Amino acid sequence: MLELASLAALRTDEGLACQAEAMRLRPTPITFLLLSQKLSRVYPERLGRLALEQAMLRQRAAAKFKHAERMYFTRQGLEQATPGAVAEHRARRYQAVERVFDLCCGIGGDALALAEHRSVFAVDHDLLSVALLEANARAVGRDGWIRPVVGDVTCLPWRFGVGDAAFFDPARREATRRIRQPERYLPPLSTLRIWVDHLAGLGVKVSPAIDRDELAGYECEVEFVSLEGDLKEATLWFGALKTSPVRATVLPGGHTLAEPPLRLGRVSPPQAYLYEPDPAVMRAGLVGNLAERLGAAQLDPTLAYLTCSSLQPTPFARAFQVIDHMPFSRKRLQAALKALGAGEVVLMKRGSPVDTEALSRRLRLSGDRSLTVVLTRVSGTPTALIVLPVAAFQPLGD
């Protein structure tokens, strides 16, 4: 386990040399013990183990951070850190702000992004987290822009200046459990009321699964963010940083949908194309807006699948060409797939009780074609759609 003394040892000349060798060896959990023994012939045994642990964490961190190979992590800190693409997107909201306070900064994923063009006061009560932030800021050349501070964000020893803004990232885990209720965050979400009236703007990171009813007392914009099709987080925006009641943002392209939500309208049987809205669009309640843009209808009034007679490029949904569809029956589906020459089938479902693993085992197919089956409802009727992903689906913009 990484501690303050361990971090200091890793940053000595000997520690840096040991880290370089550990990175070259590219350890895995399987090779860790063998490589630890190898390093111990040259370096102190504990230093070698620490360097190998950092090397493995850096390999995992590469999916989140551009400069992961130079940074320092703990397992928990890495799990909770904001992916670099999301942090950079969020930092752009602060582009007109000269000074930002990163409250509950952790190991510094957001502080590093915020510090690209402005000074950042990064505050956390945890000594190790602040030390990691300081080390990471120096490792990526942003130490001149970041002032790490150990402190309790609920009783900051200074006043905010005119034009200052802040970012607040309360902890949403307790040991290994996720905390769902915002008033059980550490510190609670309502802590923001201490600062919000004294800041030009405030951003607050919350769980993307947050119950929107629990935000009823807050005058804010709610932005849901996805990255490569996975819903990552939600941010609440206050003051001058608020630009819309609700927003869905799709990364890495940065496409954003920010409109008053529209009700869904038409329901239709499957047409030539099926659209699966991005999860950020669904959580933002903007499926109706997307349907209007596409001229699409719902398959079922309770589900987010949309259908349309023509292919409309959009960054806000995945598109599929509908090959066939039928009321769900395993035998009927199997016969249709065999007739189409299917050998490999990807099963998707929404609003269907079908056990996809069991169905996959029972579909005995021997063709050479790969197809996708969507199990869903069409106007309340359990339905199977045989579809093909539209591979060359190029977004034309917002």
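Which residue forms a salt bridge with arginine 93? The partner is glutamate 221, and the closest N and O atoms of the two are 3.1 Å apart. Arginine 93 sits in the loop between helix 6 (84-91) and strand 1 (99-103), while glutamate 221 belongs to strand 8 (residues 221-227), so this pair ties together parts that are 128 residues apart in sequence. Glutamate 221 has a relative accessible area of 0%, so it counts as buried. Keep in mind that what you see here is a predicted model.

## The overall picture

Let's step back to the whole chain. The protein has 398 residues, and 50% of them count as buried. Along the principal axes, its C-alpha atoms fill a box of roughly 65 × 55 × 35 Å. If you like to count elements, there are 12 helices and 18 strands to find.

How about contacts along the chain? Take those between residues at least 6 apart in sequence: 68% of them join residues at least 24 apart. As for the outside, the accessible surface comes to about 19200 Å², and carbon and sulfur atoms account for 51% of that.

## Charges and salt bridges

The protein carries 50 positive and 43 negative charges, and the mean positions of the two sets are 6 Å apart. The salt bridges come to 20 in number, and the one between arginine 93 and glutamate 221 has already been introduced.

Another one links arginine 24 to glutamate 21, with 2.6 Å from N to O. Both residues lie in helix 2 (residues 13-25), 3 residues apart, which is about one turn of the helix. Arginine 24 is exposed because its relative accessible area is 55% and the cut-off for that label is over 50%. Glutamate 21, at 22% relative accessibility, counts as partly exposed.

Then there is aspartate 143, which forms a salt bridge with arginine 138; here the closest N and O atoms are 4.0 Å apart. Aspartate 143 is partly exposed, at 38% relative accessibility. Shared partners extend this into one network, which joins Arg11, Glu134, Arg138 and Asp143.

## Two buried residues worth a look

Back in helix 2, you'll find glutamine 19. Is glutamine 19 buried or exposed? With a relative accessibility of 3%, glutamine 19 counts as buried, since the label applies under 20%. Setting aside residues up to four places away in sequence, glutamine 19 touches Leu10, Ala51, Arg58 and Tyr72.

Alanine 137 is the other one, and its home is helix 8 (residues 127-139). Alanine 137 also counts as buried, at 3% relative accessibility. Which residues is alanine 137 in contact with, leaving aside its neighbours within four places in sequence? They are Leu112, Arg142, Asp143 and Ile146. Asp143 is familiar by now, as a member of the salt-bridge network. You can also look from alanine 137 across to glycine 108: the two are 29 residues apart in sequence, with their C-alpha atoms 7.9 Å apart in space.

## Patches on the surface

Now for the outside of the protein. Which residues form a nonpolar patch on the surface? Leu4, Leu127 and Val150 do, and together they have about 260 Å² of accessible area. Leucine 4 is part of helix 1 (residues 4-10). With 42% relative accessibility, leucine 4 counts as partly exposed.

Charged residues gather into patches too. Glu183, Asp211, Asp213 and Glu214 make up a surface patch of negative charge. One of them, glutamate 183, is in the loop between strand 6 (177-178) and strand 7 (201-206). Glutamate 183 is partly exposed, and its relative accessible area is 42%.

A patch of positive charge is found on the surface as well, formed by Lys331, Lys338, Arg362 and Arg364. Arginine 362 lies in helix 12 (residues 356-362). At 45% relative accessibility, arginine 362 counts as partly exposed.

How values were computed. Residues are numbered from 1 along each chain as its sequence is written. This is a predicted model: local features need pLDDT of at least 70, side-chain atom pairs count only at pLDDT 80 or more; totals for chains, interfaces and linings use all residues. Side-chain values use heavy atoms; hydrogens and water are left out. Patches are made of residues with over 30% relative accessible area and no salt bridge: like charges are joined within 9 Å, nonpolar side chains (Val, Leu, Ile, Met, Phe, Trp, Tyr) within 5 Å. Accessible areas come from the Shrake-Rupley method with a 1.4 Å probe; for residues, only the protein chains shown count as cover. A salt bridge is a side-chain nitrogen of Lys or Arg within 4 Å of a carboxyl oxygen of Asp or Glu. Helices (H or I, at least four residues) and strands (E, at least two) are DSSP runs, numbered from the N terminus. Buried means under 20% relative accessible area, exposed over 50%, partly exposed in between (1.4 Å probe, protein chains only). Contact means heavy atoms within 4.5 Å. Lys and Arg count as positive and Asp and Glu as negative; His and the chain ends are not counted. The place of a charge is taken as NZ of Lys, CZ of Arg, CG of Asp or CD of Glu.
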